[in-house]
Amino acid sequence: MEGGQGNPRRGVDEEVRLHIEQRVAQLVAEGMNREWAEAEAWRRFARREETVAALYHTARKRDRRMRMTTWLEGWGQDVRHACRVLVRAPALPAVVVLVLALGIGANATIFSAAYGLLERRLPVADADRLARVYRGDHSPLPMEDYLAIAGATETFGALTAERMIRVGLGAEDGTEPVQAALVSANYFTGLGVAAARGRVFAGAPGADPGAVAVLSHRYWRTRFGADPGVVGRTLRLADRPFTVVGVAAPEWVSSQAWRPDVFVPLASHAALLGVAPGSWNGSLYVTGRLAEGRTRAQALAEVEALAARLPSAAAAVATGQPVRFRVEHARGLTQEVRGPATLASVFLLALVALVLLIACANVANLLLARAAFRTREMAVRLALGVTRWRLVRQLLTESVLLALVAGVAAVALAVVGSRFLASLVPAGMPIHLSLTPDAAVLAFTALLSVATGVLFGLVPALRATRTDVQGALREDARGGYRRSRLRAAFLVAQVSLGTILLTGAGLFAQSLRNARDLDPGFAAAEVMDLPIDVSLRGYDEARGRAFYDAVAERAAAVAGVRAAALANLVPLGGANRGAPMQPAAADPDDRTAFQQAYYNTVTPGYFATLQLPLRAGRDFTPADEAGAAPVVIVNEAAAQALWPGERAVGQVLRMWDEGMPEYTVVGVAADAVYNALGEGPTPFLYFPFAQDYRTDMVLHARVAGAAGGRLRDAVAALDPALPLEAARPMEADMGYALVPARIGAGLLGGFAALALLLAAIGIYAVTAFMVARRTAEIAVRTALGARRWDVLRLILRETLGTVGVGLVLGLAGGAGLGVLVASQLYGVDPLDPLTFTAVPVVLLAVATGAVLLPALRALALDPVVALRRE
Amino acid sequence: MLEPLSVLKGTLDMLALKALTWRPMHGFELTRFLEERSEHRMELEDAALYQALYRMEKRGLVAAEWGVTEENRRARFYSITPKGQRELDRQTAWWLRYADTVTGLVTESPGGR
């Protein structure tokens with residue numbers, strides 16, 4: 001130990017004093033008189049003040065450095081000691097690492113997904129300068145708005161646009177659908193996306209670089225086998241030749257959450273879609289790179305100023321409602337889907353935090369158990385003069401080390417977990433979610449691991465070192481057993497948290513089952529769907545109309561088909577169209593007189609095919625043709641909303657749309673379910689296909705038996721080159737509406753299973769520990785003639801009592817959770833009797849198993865052997 | 001009697017390190033050791049020696065520990081560390097080369113031998 005520490009000055013003073021005294025003594029011994037000797041000693045020491053000050057300074061610095069070194073060496077020792085301790089008895093550390101890896105891994109997975117959904121930047125240089133531009137709340141921009149703004153902007157170095165369309169790709173054997181991104185000519189150069197092969201196209205935003213295409217790296221690999229010779233080849237898209245000029249950089253997917261196969265210039269849209277530029281009201285998703293030194297606020301001001309000069313804006317300004325814009329960070333998901341994603345992320349993060357808390361309680365309990373075995377080690381070291389803080393630090397080093405090892409495993413789990421999450425997105429959806437862990441996730445996991453290590457390690461460490469030294473040394477470990485209230489508390493905590501999760505999972509599973517059994521208001525069973533999209537073949541409107549008329553006619557004639565009709569959208573199919581409407585009698589300038597309605601476009605026979613009853617009026621007929629008076633069929637909710645208490649048929653309604661068109665109601669259909677399960681009464685309108693042409697339609701056919709194949713053949717015969725998927729049951733299409741619920745129930749179920757597993761491990765470990773400490777007692781009891789059942793009952797009672805307390809608390813918490821999420825549950829009472837019966841049964845069964853396993857093993861021991869072993 | 005030699009700048013560290021290779025010593029002991037070994041031909045500045053010791057301690061060339069002298073006084077005993085030993089070897093080698101060169105230069109007479 002370094003003496004004289006604390007104040008370095010005292011050490012210096014003492015040293016100098018000794019030196020002078022000894023020098024004086026020496027000089028006196030040599031015959032000098034004492035007074036002279038003292039003067040001579042100080043003379044030889046020279047520049048006294050200055051020297052002492054310099055010595056003080058050096059000593060201070062030296063002490064600081066030595067403290068640091070000692071501290072670091074201490075940590076080194078702690079880590080080495082921790083490694084030795086953990087390796088010496090690896091069983092418990094292995095269980096701890098496993099438990100923590102599951103807990104931390106669940107967190108890393110969800111964090112990784114949430115970060116990917118909400119925060120991840122686009123994979124280009126300087127991505128923080130990218131911003132997205134929206135019109136209105138979070139709508140894409142009409143093409144003319146985009147072109148006008150992109151051509152004039154100065155706050156953006158480049159303003160790019162992207163929009164997904166489906167087109168047919170001509171191949172040797174027919175046509176296959178591909179996802180094409182229509183992108184502005186400055187898309188690649190403006191965002192900073194390089195070509196992995198060949199080149200990208202470039203030019204002013206609206207420029208036409210010709211019939212060229214850039215392949216996405218993924219499509220190049222999967223469809224063309226990464227063929228280096230693909231550049232220069234010609235692709236037939238919508239029956240028109242496009243030259244492949246390059247392959248995009250491997251990391252680039254899209255400026256949005258899409259997964260395009262090819263990128264084609266925006267100027268090609270007319271050729272690809274088969275409609276004149278003016279009639280295509282498709283909007284564009286706009287992403288720009290801010291010019292050096294410009295802010296999003298400046299960009300917004302500029303965009304709004306530019307937009308105010310647009311012809312389309314003039315009308316809006318006249319009505320006193322100028323169009324607003326938004327300029328927002330280009331990170332994570334686009335704003336329109338951000339809200340639900342944020343909510344889901346927060347909910348899931350809270351959920352996995354709960355799982356990690358269970359894991360921590362579990363591990364803390366295991367360590368407490370071990371601490372009891374190490375009481376003597378601690379007592380010996382305390383007796384040897386090691387400070388308690390030092391021991392706590394060393395135990396914490398052990399737990400943080402364990403947590404870090406678990407963290408490494410957790411990252412591996414997160415990689416697997418995020419793949420699983422990404423796989424929950426239905427394969428058919430051309431959506432790209434980048435959920436894979438990256439540096440941010442690694443940092444999060446490391447931080448979480450250290451925090452976890454301290455969290456679960458602190459209480460056991462404090463407990464282990466709070467030893468009555470003499471008592472522990474004197475007492476034999478066996479006699480030291482006291483029922484630990486702390487250990488029971490941890491067990492209660494994990495059982496109750498696990499119960500809450502199980503209850504939640506049960507409620508959501510019930511909800512999902514109810515949703516599946518729900519009556520949508522029409523008879524979907526026996527209806528087959530066949531999606532058709534004539535834009536894949538670049539049909540113009542006249543050809544498209546003729547084609548769909550032929551489809552309806554042929555489909556009805558297919559053997560086994562009892563009724564057939566076409567519709568633009570499938571109810572609960574995941575897509576919707578909506579616009580505000582009002583009675584024609586109301587004031588069109590009064591925005592408040594409009595209310596939101598959703599609509600679909602259908603052909604005559606739609607209601608009969610789906611067996612969706614018409615309550616009044618008539619179905620569409622061939623007489624409702626393009627030039628005839630515009631007609632509409634409304635549902636009961638719309639009739640009630642527009643003309644309460646009146647007869648709806650014969651009334652006229654007005655849509656908030658270009659030209660404020662008016663439609664006469666010819667029929668009233670029964671209410672059905674349209675956008676989401678459990679939605680309230682939703683005003684819904686049906687327009688006749690003949691008066692509202694659409695390029696993509698779904699053929700619904702009510703069939704007897706397996707007519708699906710014949711249906712597809714009949715349509716294929718009309719145009720063999722048109723890409724067609726297989727016909728499928730309508731109920732499968734309706735499943736899209738269930739995707740969020742299914743993902744939610746799946747995740748909750750997974751985490752609940754994890755919590756149950758953790759609780760089982762915890763109960764097992766605590767019981768095993770307790771039984772091990774009482775082997776002798778059990779042996780004595782058995783030897784004295786106690787029946788095995790009596791001993792078993794004793795053990796069961798002790799542990800299951802604790803489990804019971806946790807269960808009751810957990811059920812109360814679960815009821816609270818149920819009430820909290822009641823609005824998300826479909827047709828399930830938050831206190832659903834089935835869930836609240838099943839959860840305790842499952843939990844008690846698992847707990848009993850976890851207690852019985854170690855208990856029976858202890859009982860199987862020969863009492864003599866057990867006693868001798870002690 | 002010849003005028004005492006004042007210690008050349010930079011050589012004090014080397015002398016102190018060398019002395020400590022004999023045994024650990026406290027400050028005054030070290031002063032006396034150097035005075036006696038040099039047969040009082042060298043005049044050390046006591047303050048400079050302490051400053052050198054502190055500096056070298058900070059650099060890890062010597063280590064210090066409180067102990068008790070023969071007269072039962074508390075004193076700080078300095079010892080040379082392995083790092084200090086390496087430094088001493090380096091400085092000694094340098095000094096020998098230096099001294100050799102200087103000696104050669106000043107003893108050479110014009111016109112050679």
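1. A crossing of two helices is called left-handed if the near helix is turned anticlockwise from the far one by less than a right angle. By that rule, helix 1 of chain B and helix 4 of chain B make a left-handed crossing. The model under review is a predicted one.

2. The geometry of this pair in chain B is as follows. The axes of helix 1 (residues 12–20) and helix 4 (residues 82–107) of chain B come within 9 Å, and they cross at roughly 125°. Helix 1 of chain B is therefore oblique to helix 4 of chain B, because the angle falls neither in the range of 65 to 115 degrees nor over 145.

3. Which residues in helix 1 of chain B meet helix 4 of chain B? They are Asp13(B), Met14(B), Leu17(B) and Lys18(B). On the side of helix 4 of chain B, the partners are Gly84(B), Glu87(B), Leu88(B), Gln91(B), Thr92(B) and Trp95(B). Sorted by class, this contact holds four nonpolar, three polar and three charged residues.

4. Helix 3 of chain B covers residues 46–58, which is 13 residues. At 1.5 Å a residue the expected span is 18 Å, and the end C-alpha atoms lie 19 Å apart, so the two values agree.

5. Several residues of helix 3 of chain B are buried. Those with an acidic side chain aside, the list has Ala47(B), Leu49(B), Tyr50(B), Ala52(B), Leu53(B), Tyr54(B) and Met56(B). Asp46(B) and Glu57(B) are buried as well. Just after this helix, Gly60(B) adopts a positive phi of about 80°.

6. In chain A, helix 4 (residues 91–118) and helix 13 (residues 388–423) have axes that come within 6 Å and cross at roughly 45°. That angle makes helix 4 of chain A oblique to helix 13 of chain A. The crossing is right-handed. The residues of this contact comprise 18 nonpolar and six polar, with no charged ones.

7. The last point concerns the two chains together. How many residues does each chain give to the contact? Chain A gives 20 residues and chain B gives 16 residues. On the side of chain A that touches chain B, the elements giving two or more residues are helix 1 (8–29), helix 2 (34–45) and helix 3 (48–88) of chain A. Helix 3 of chain A has the largest share of that side, with eight residues. By class, the side of chain A that touches chain B has six nonpolar, six polar and eight charged residues.

Terms used: Residues are numbered from 1 along each chain as its sequence is written. Chains are lettered from A and ligands numbered from 1 in the order in which they are written. This is a predicted model: local features need pLDDT of at least 70, side-chain atom pairs count only at pLDDT 80 or more; totals for chains, interfaces and linings use all residues. Helices (H or I, at least four residues) and strands (E, at least two) are DSSP runs, numbered from the N terminus. The expected span of a helix is 1.5 Å times one less than its number of residues. A residue is buried if 20 or more other C-beta atoms lie within 10 Å of its own, exposed if 12 or fewer, and partly exposed in between; C-beta atoms are placed from the backbone. Axes are lines fitted to C-alpha atoms, for helices over the stretch in contact, and angles run from 0 to 180 degrees between N-to-C directions. Angles under 35 degrees count as roughly parallel, over 145 as roughly antiparallel, 65 to 115 as roughly perpendicular and the rest as oblique. Two residues are in contact if their C-beta atoms, placed from the backbone, lie within 7 Å. Ala, Val, Leu, Ile, Met, Phe, Trp, Tyr, Cys and Pro count as nonpolar, Asp, Glu, Lys and Arg as charged, and the others, Gly among them, as polar.
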